[in-house]
Amino acid sequence: MAAEKLRDLGQPIDVALLDATVAAFYGTGSKEERTAADQILRELQNNPDMWLQVVHILQKSKNLNTKFFALQVLEGVIKYRWNALPVEQRDGMKNYISEVIVQLSSNETSFRRERLYVNKLNIILVQILKHEWPARWRNFIPDLVSAAKTSETICENCMAILKLLSEEVFDFSRGEMTQQKIKELKQSLNSEFQLIHELCLYVLSAASQRTELIRATLATLHAFLSWIPLGYIFGSPLLETLLNFFPVAAYRNLTLQCLTEVAALQFGDHYNAQYVKIYNIFLVQLQNILPAGTNIPDAYAHGSSEEQAFIQNLALFFTSFFKSHIRVLETTPENRSALLLGLEYLIGISYVDDTEVFKVCLDYWNSLVLELFEGHHNLDNPAAAAMGLQMPLLSGMVDGLGSQLLQRRQLYAVPMSKLRMLMVSRMAKPEEVLIVEDENGNIVRETMKDNDVLVQYKIMRETLIYLSHLDHEDTEHQMLRKLSKQLNGEDWSWNNLNTLCWAIGSISGSMVEEQENRFLVMVIRDLLNLCEITKGKDNKAVIASNIMYVVGQYPKFLRAHWKFLKTVVNKLFEFMHETHPGVQDMACDTFLKIVQKCKRKFVIVQVGENEPFVSELLAGLPATVADLEPHQIHTFYESVGQMIQAESDPQKRDEYLQRLMELPNQKWAEIIGQARQSVDFLKDQDVIRTVLNILQTNTSAASSLGTYFLSQISLIFLDMLNVYRMYSELISTSIAEGGPFASKTSYVKLLRSVKRETLKLIETFLDKAEDQPQIGKQFVRPMMDHVLGDYARNLPDARESEVLSLFATIINKYKGAMTEDVPRIFEAIFECTLEMITKNFEDYPEHRLKFFSLLRAIATHCFRALISLSSQQLKLVMDSIIWAFRHTERNIAETGLNLLLEMLKNFQASEFCNQFHRTYFLTTEQEIFAVLTDTFHKPGFKLHVLVLQHLFCLVDSGSLTEPLWDASTVPYPYPSNSTFVLEYTIKLLGTSFPNMTTTEVTQFVNGLFESRNDPSTFKDHIRDFLVQSKEFSAQDNKDLYAEEAAAQRERERQRMLTIPGLIAPNEIQDEMVDL
């Protein structure tokens, strides 16, 4: 009954009843009451007439939650329907909201009591402003300013409104409003700023003693300072006023935030003198608050939250000021000493034990050191300057420039030396290090990667490389001195040794070879000594981890010094017997890393040796791997495979491979021999585990050896397929007898692991093998029944998704040669997999992605096979592609869109162009618009745009020679396909977005056709439409700009390649092996 009464919106709503419903929703009543209340409130919220009751509710309700509910309804109308409302309704609502705000904020008591409500009303007012101002509410700012002068509480609230307005226009507008609207609002704010500026100065110049008002004014100023015309900052008493407030504790942090905004502004040299003056006055005041020489990390650790915030803000001020104006402070001796004092403060703050504070400092140190490095790099290396590593030229000729750069380096020599110390003692942990200290002080194996730490490591590594380039001697001296303190025990601790070794490892490649060799010989020798003299299992584990990390970072050094390389590898073999958590893993990983970069060295006979190292290693292999876990043995086999692959003599290579695989092959032969006598032997769980382990070992070796693995895989291939078939039958029987739960049993899971590993081994081998079609044919034909037939015959729960990825790999590898096999693959895989994945978006996630990847491989390389499908089968393919890009799982949607693009391009170039597009053009366009305007599909934006652009270009490219419309249903013929598609698109969007006018839609579609040949205008046009259609608002829109971000990342990588050491040795694809 109550619900019916509320739903009848033909008369004023019963507010008491609504209050009771909202109270029931938020209350502690029964679950049923809450569900019923939720249902009613949702219905009311979705009712288009509900907003007409908002004023009535706000006037009558006593419940704050009810008022918030009413405002939520109103907010929806403002966002999505405001411009469609009659003028009198808009004006009425605008005036009502303004009056309530003034009324509540006009006296202290109601303002404090209703603060939350007033804040929400302010947000609503700013949402209205975004539509109404400036065109339909010209006098908004003058009215606001004059109201502010009538009472201190109204003034405080006006400051809050102005702050919100500034943030909406300047900070949160991208993706929220069209480019044109943003521009209009920015111009209005700029032109009316004088009134706001006068109001702020009026409050701050002792017109008020009220702390809250002054704080609100400073907060508003802070929001405005980044964009207001400069005359208001430098041509008025604003800065003096701010500096007067800085020493007062209550305003210190807010003032500092305002000064930071001013410090970050960059407008040429015009205001240099004022910046120097601000900085010097500020520094004098700062020394009274925080005297130079204070132990800042201690002060931070024991300070109140306000004091901690002050040190954070101080870091932001110094870094912003130095980023924009450090050059001005280098001009006179007085300024230089003030600059050095500021840097001293910043180094002190950088030692504070707080991640956010350190990030701010680190970001600045990185940019300063880069700037100094570029000047130094150009001076030492004029060729680099020609390549574009210019630095801002100082006045004077080139010789003068050289001496100025040297003076600059001398000026910063002391702070840079202190900065090296800071970087070394706070170095973040690199990804390769697996051994960490837990919160209880125990040394354990790391279980989860911390991405923040990895990002921090990357920036610190880059900074330290620049610092090393600026002064190799000082870098080397500081690191070796710190290492000697570890050896003599003076400074020994896990953390000190870790950060030092991580720092040493991170500067690999930045020194000249001779110096690097000398430095490393001392480092490795000292670390090996430290390992000998230090007692305790945990200590040894930490030292071992550091030795492994350092040697793994210097492959170039190891290649040039066989004795060291051999010692290091033997040390790694020692560590492989060390059972401390993480040590064996790290030893195997480091061994692989070193072998990848030095593999040639292990297959040639070195001076003083009787045989190549690989032969010696193979002789002792059983003993070396005796204590390793299966997954570690697999890494070890991959490493030895890398060595064997470097051997150029085929006979020796086969002999090494045979010796490497001796242990697993012996075991395999035993198992197959027993199985021939009794097939039940293969059903034993321990035997299944052994089979799995043997296959995994083979896969590891195959991943390194590629084509050279042929002799080994041929040896086990047919037996392996027979085991595959038998295990597959066992799985099907278990699932048929035990129902769906049987697939979850450990026995079935184990059997499936063997099947998967078999497929993975074949896929790895074919993928890594050189492009030789005869190898493909030799292995693919026998698999057709064993693998494809098996997939088709199996129950859905027993089908391995790896079958799909294996055939995708085969088609990507052997391309057109596989065309005649596609119908067979299609028949076995297509319909049965589609049935599994189109029931919903959740089941069989692995099959989904791999299925569409297989389809994409077929469309790209065997397109002729697709053309020969029946129209029914082609419809299935197209439906499955649409199903893919509707998917909310990003990888699947992207694969579907890429596949669609392939199909469209291939069909455009084929003889079936007209036929295909007549059937699928409009469906494709409609479906793409559906996902483009769905917020769940934002990550696919770039590909949606590409598909639409392709379709619009296709219409008048000349490829289509027949009409796209169906002549039997269209009463009159269109002059061209372009006209037809234009009209169809306007109709499609007009019905999909009733909140947009026909003019807006027509304008958008015409714009698409006009800009179809200009990708970036086309994309911007669509972004604006998404904002206008209000499908994307109040959300994170960075996905719409993902392409621009990717281009920026690639430019940065190219820059890094020009600086020695900046890209880690293991990330460089080089052919160092033969050196």
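A polar contact is a pair of N or O atoms within 3.5 Å. The exercises below apply this and other terms to a predicted model.

**Exercise 1. Determine which atoms meet at the start of helix H35, and whether the buried residues of H35 lie on one side or on several.**

*Solution.*
Step 1. At the start of H35, the backbone nitrogen of Gln651 has a side-chain oxygen of Asp649 within 2.9 Å.
Step 2. Helix H35 covers residues 650-660, and its buried residues are Arg653, Tyr656, Leu657 and Leu660.
Step 3. These residues lie on the same side of H35, because the arc they cover around the axis is only 100°.
Step 4. The spacing can be understood from helix geometry: an α-helix has 3.6 residues a turn, so residues three or four places apart point the same way.
Step 5. On the face of H35 turned away from the buried side are the exposed residues Gln651 and Gln658.
Step 6. The packing partners of the buried residues of H35 include helix H34 (630-645), helix H36 (662-677), H37 and H38.

**Exercise 2. Describe the surroundings of Asn698, and state whether this residue is buried or exposed.**

*Solution.*
Step 1. Asn698 belongs to helix H37, which comprises residues 685-705.
Step 2. Its relative accessibility is 0%, so Asn698 counts as buried.
Step 3. Leaving aside residues up to four places away in sequence, Asn698 touches Met661, Phe709, Gln712, Ile716 and Leu761.
Step 4. With Gln712 there is also a polar contact, side chain to side chain, at 2.8 Å.

**Exercise 3. Carry out the analysis for Asn977, and identify what its side chain reaches.**

*Solution.*
Step 1. Asn977 is located in helix H49 (residues 977-992).
Step 2. Buried means under 20% relative accessible area; at 10% relative accessibility, Asn977 therefore counts as buried.
Step 3. The side chain of Asn977 reaches the backbone nitrogen of Leu964 at 2.8 Å.
Step 4. Leu964 is also among the residues that Asn977 touches beyond four places in sequence, the others being Val955, Leu960, Glu962, Pro963 and Trp965.

**Exercise 4. Identify the residues that touch the most other members of the largest nonpolar core, and the helix that gives the largest share of this core.**

*Solution.*
Step 1. The largest nonpolar core has 349 residues, of which Phe318, Phe322 and Trp365 touch the most other members.
Step 2. Helix H38 (residues 710-738) supplies the largest share of this core, with 12 residues.
Step 3. For Trp365, the residues touched, not counting those up to four places away in sequence, include Leu343, Leu346, Ile347, Leu419, Leu422 and Thr463.

**Exercise 5. Explain why Cys862 forms no disulfide, and state how many disulfides the structure holds.**

*Solution.*
Step 1. A disulfide requires a pair of cysteine sulfur atoms within 2.5 Å.
Step 2. The closest cysteine sulfur to that of Cys862 is in Cys832, and the distance of 19 Å is too far for a bond.
Step 3. Cys913 is likewise in no disulfide, as the nearest cysteine sulfur, that of Cys953, is 14 Å away.
Step 4. The structure as a whole holds zero disulfides.
Step 5. Cys862 counts as buried at 1% relative accessibility, and Cys913 counts as buried at 4%.

**Exercise 6. Locate the backbone features at Pro134, Lys815 and Tyr844.**

*Solution.*
Step 1. Trp133 and Pro134 are joined by a cis peptide bond, with omega about 0°.
Step 2. Pro134 sits in the loop between helix H8 (115-132) and helix H9 (140-148).
Step 3. Lys815, which is not a glycine, has a positive phi near 45° and lies in the loop between helix H41 (802-814) and helix H42 (822-837).
Step 4. Tyr844 also has a positive phi, about 50°, without being a glycine; its place is the loop between H42 and helix H43 (845-861).
Step 5. Lys815 is partly exposed, with a relative accessible area of 39%, and Tyr844 is partly exposed, with 24%.

**Exercise 7. Summarise the overall architecture, and describe the annotated region at residues 37-103.**

*Solution.*
Step 1. The protein has 52 helices and two strands.
Step 2. Its C-alpha trace spans about 100 × 85 × 65 Å along the principal axes.
Step 3. Of its 1075 residues, 53% are buried.
Step 4. An unreviewed UniProt entry places the feature "domain: Importin N-terminal" at residues 37-103.
Step 5. Over residues 37-103 the chain is 78% helix and 0% strand, with 32 Å between the end C-alpha atoms.

Methods:
Residues numbered from 1 in each chain as written. Predicted model: local features only at pLDDT ≥ 70, side-chain atom pairs only at ≥ 80, totals over all residues. Heavy atoms only, no water. UniProt positions renumbered as here; feature names shortened; annotations may be inferred. Helix = DSSP H or I, 4+ residues; strand = E, 2+ residues; numbered from the N terminus. Buried < 20%, exposed > 50% of the residue type's maximum accessible area, 1.4 Å probe, protein only. Polar contact = N/O pair within 3.5 Å; in protein donor to acceptor, adjacent residues only side chain to side chain. Contact = heavy atoms within 4.5 Å. Core = buried A, V, L, I, M, F, W, Y, C linked by side-chain atoms within 4.5 Å. Arc of directions from axis to C-beta.
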